[in-house]
Amino acid sequence: MDYKDNNTDNQHTSKLVFDEQVIAKIVAMAIKGQDGITTVKSNGAFSGIVGRGNESSGINVEVGETEVAVDLRLWLEFGKNAREIYTRIKEVIEAQVMSMTGLKVVEVNAKIEDVLSPDEFRDRLNG
């Protein structure tokens, strides 16, 4: 006996969706430990230190069905080249997001909000 599906209008509408918080965390983990980034700036006083606490503070993302845009608020280490750091973290972010999600990063914007020496940073943190 042959089987005939009389309901030919059934189509799969499945899709994979990523929460913005997940993409922000991937970005945070991708830039963690990158030379020259003292901290990711957060709204709270030092709660966004890379590698401690809320790792995605200072990272805002917009997630579409196939693309991602990333905005960063950064504090950089004194004496480091901001353009080189930006180029490096942009490449790392694009690669990690694509590798883990298949989403294309179409924009990475970085706002440098402060430059701190290692001593100044420790003083402010402990102050």
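The following exchange introduces the predicted model shown above.

Modeller: In this predicted model, local features need pLDDT of at least 70 and side-chain atom pairs count only at pLDDT 80 or more, while totals for chains, interfaces and linings use all residues. Residues are numbered from 1 along each chain as its sequence is written, and side-chain values use heavy atoms, with hydrogens and water left out.

Colleague: Which pattern does the protein follow when read along the sequence?

Modeller: Helices (H or I, at least four residues) and strands (E, at least two) are DSSP runs, numbered from the N terminus. The protein has three helices and four strands. Along the sequence, their pattern is α-β-β-β-α-β-α.

Colleague: What percentage of the residues in the protein is buried?

Modeller: A residue is buried under 20% relative accessible area, exposed over 50%, and partly exposed in between (1.4 Å probe, protein chains only). Of the 127 residues in the protein, the buried share is 31%.

Colleague: Which element gives the most residues to the largest nonpolar core?

Modeller: A nonpolar core is a set of buried Ala, Val, Leu, Ile, Met, Phe, Trp, Tyr and Cys residues joined through side-chain atoms within 4.5 Å. The largest one has 21 residues, of which Val27, Ile59, Val70, Leu72, Ile93 and Val97 touch the most other members. Two or more residues come from each of α1, β2 (59-63), β3 (67-77), α2 and β4. With six residues, the element that gives the most is α1.

Colleague: Which residues does Val27 contact, leaving aside neighbours within four places in sequence?

Modeller: Contact means heavy atoms within 4.5 Å. Val27 is among the residues that touch the most other members of the largest core. With neighbours within four places set aside, the contacts of Val27 are Ile59, Val70, Leu72, Ile93 and Val97.

Colleague: How many salt bridges are there in the protein?

Modeller: A salt bridge is a side-chain nitrogen of Lys or Arg within 4 Å of a carboxyl oxygen of Asp or Glu. One of them joins Lys90 and Glu94, with the closest N and O atoms 3.1 Å apart. Because Lys90 and Glu94 are four residues apart in helix α2, about one helical turn separates them. By this rule the count is three.

Colleague: How far apart are the closest N and O atoms of Asp35 and Lys80?

Modeller: Asp35 is partly exposed at 46% relative accessibility, and Lys80 is partly exposed at 33%. Asp35 and Lys80 form a salt bridge whose closest N and O atoms are apart by 3.2 Å. This pair links distant parts of the chain, 45 residues apart: Asp35 is in the loop between α1 and β1, and Lys80 in the loop between β3 and α2. The N to O distance asked for is thus 3.2 Å.

Colleague: Which strands hold Glu113 and Arg73?

Modeller: The side chains of Glu113 and Arg73 meet in a salt bridge of 3.8 Å, N to O. The two residues are in different strands, so the pair ties together parts 40 residues apart in sequence: Glu113 and Arg73 lie in β4 and β3 respectively.

Colleague: Is Gly36 buried or exposed?

Modeller: Gly36 is in the loop between α1 (20-31) and β1 (37-40). Apart from neighbours within four places in sequence, Gly36 contacts Trp75, Leu76, Glu77, Lys80 and Ile85. Because its relative accessible area is 2%, Gly36 is buried.

Colleague: To which backbone nitrogen is a polar atom of the side chain of Thr101 3.0 Å away?

Modeller: Thr101 belongs to helix α2 (residues 82-101) and is buried, at 12% relative accessibility. A polar atom of its side chain is 2.5 Å from the backbone oxygen of Val97. At 3.0 Å from a polar atom of the Thr101 side chain is the backbone nitrogen of Leu103.

Colleague: Which residues outside the four nearest places in sequence are in contact with Thr101?

Modeller: Thr101 counts as buried. Leaving aside neighbours within four places, the residues in contact with Thr101 are Phe18, Ile23 and Ile26.

Definitions and conventions: A polar contact is a pair of N or O atoms within 3.5 Å; within protein, one must be able to donate a hydrogen and the other to accept it, and residues adjacent in sequence count only if both atoms are side-chain atoms.
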